[in-house]
Amino acid sequence: PSFATEMGLGSLLLVWSTRRAFEPLFGGGRGADHISFEVDEGDFVLYRAGHWFVDGVSVGSESEPRLEIARVTTVQLVFTQTCEHGWIRGVKAKVAEDRSLVAIDDDDDDDEVQLGPEQVVARLRVGDDGLLDEASMAAIERATDDLVESR
């Protein structure tokens with residue numbers, strides 16, 4: 001597998017893919033090369049919420065941009081050579097003090113999320129010990145820093 005990072009649109013884009021060797025996410029990173037192609041049910045993802053940009057176009061709500069974490073429950077995506085369409089559904093999650101990921105699922109509909117593939121910033125990896133690996137922790141920290149700096 002290859003591991004690449006790129007600064008872009010005020011966020012760190014962490015790419016974990018067997019299909020790419022240090023190729024930027026935007027510009028060769030569409031369709032089957034898009035980060036969302038690697039997302040499976042049960043994965044944890046870091047995603048954009050609020051207001052963000054897709055190919056220079058403002059999308060999302062009017063609220064402040066922020067980063068959220070979700071545990072993926074359903075992936076309904078279609079990929080072409082140049083784009084990706086569909087939905088990723090899941091439940092909100094957070095990083096616990098011990099670096100484990102905890103899904104927030106207390107039978108409340110507010111805990112459910114639906115996001116598009118363009119919102120995915122990183123697929124977070126959990127080690128055999130059940131904790132976020134160092135690369136995922138670094139991606140969260142860097143993406144958060146970049147988001148703050150872009151405001």
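## Exercises on a predicted model

In this predicted model, the count of aromatic pairs comes to one.

**Exercise 1.** Work out why the pair formed by Phe 37 and Phe 79 is classed as edge-to-face, and which parts of the chain the pair ties together.

*Solution.* Begin with the distance: the ring centres of Phe 37 and Phe 79 lie 5.0 Å apart, and the cut-off for a pair is centres within 6.5 Å. Next take the angle, for the planes stand at 75 degrees, and because planes over 60 degrees apart count as edge-to-face, the pair receives that name. Then place the two residues: Phe 37 belongs to the loop between strand S2 (11-17) and strand S3 (44-49), while Phe 79 belongs to strand S6, so the pair connects parts that are 42 residues apart in sequence. Finally, consider the surroundings of each ring, where buried would require under 20% relative accessible area and exposed over 50%. Phe 37, at 30% relative accessibility, therefore counts as partly exposed, and Phe 79, at 25%, therefore counts as partly exposed.

**Exercise 2.** Determine which strands pair with strand S7 (residues 84-95), and in what sense they run.

*Solution.* Start with strand S6 (residues 66-79), which pairs with S7 in the antiparallel sense over ten bridges; these two strands form a hairpin with four residues between them. Continue with S9, which pairs with S7 over four bridges, again in the antiparallel sense. To see how S7 meets both of these strands, look at Gly 90 in S7, which stands opposite Val 72 and also opposite Val 113 in S9. The last step is strand S8 (residues 101-103), which runs antiparallel to S7 and is joined to S7 by three bridges, with Leu 101 in S8 as the bridge partner of Val 95. The hairpin of S7 and S8 has five residues between the strands, and in this hairpin Arg 99 takes a positive phi near 75 degrees.

**Exercise 3.** Find which residues have the most contacts inside the largest nonpolar core, and which element gives the most to this core.

*Solution.* The largest nonpolar core has 14 residues, and Leu 46, Ile 69 and Leu 124 are those with the most contacts inside it. At least two residues of this core come from each of S3, S6, strand S10 (120-124) and helix H1 (134-150), and H1 gives the most, with four residues. To follow one residue closely, take Leu 124, which, when neighbours within four places in sequence are left aside, is in contact with several residues, including Leu 46, Ile 69, Leu 101 and Ile 140. There is also a second, separate core of twelve residues, among them Val 39, Ile 88, Leu 115 and Val 120.

**Exercise 4.** Describe how many helices and strands the chain has, and where the confidence of the model is lowest and highest among the elements.

*Solution.* The chain has one helix and ten strands, and reading from the N terminus the ten strands precede the helix. For the confidence, take the average first: the chain has a mean pLDDT of 76, and 76% of the residues score at least 70. Among the elements, strand S1 (residues 2-8) has the lowest mean pLDDT, 34, whereas strand S9 (residues 112-115) has the highest, 92. The final step is to look at residues 1-28, over which pLDDT stays under 50, although the model has 80 contacts beyond four places in sequence for these residues.

Methods:
Residues numbered from 1 in each chain as written. Predicted model: local features only at pLDDT ≥ 70, side-chain atom pairs only at ≥ 80, totals over all residues. Heavy atoms only, no water. pLDDT = per-residue confidence, 0-100. Contact = heavy atoms within 4.5 Å. Pairing = 2+ DSSP bridges. Phe/Tyr/Trp six-rings, centres within 6.5 Å; stacked < 30°, edge-to-face > 60°. Buried < 20%, exposed > 50% of the residue type's maximum accessible area, 1.4 Å probe, protein only. Core = buried A, V, L, I, M, F, W, Y, C linked by side-chain atoms within 4.5 Å.
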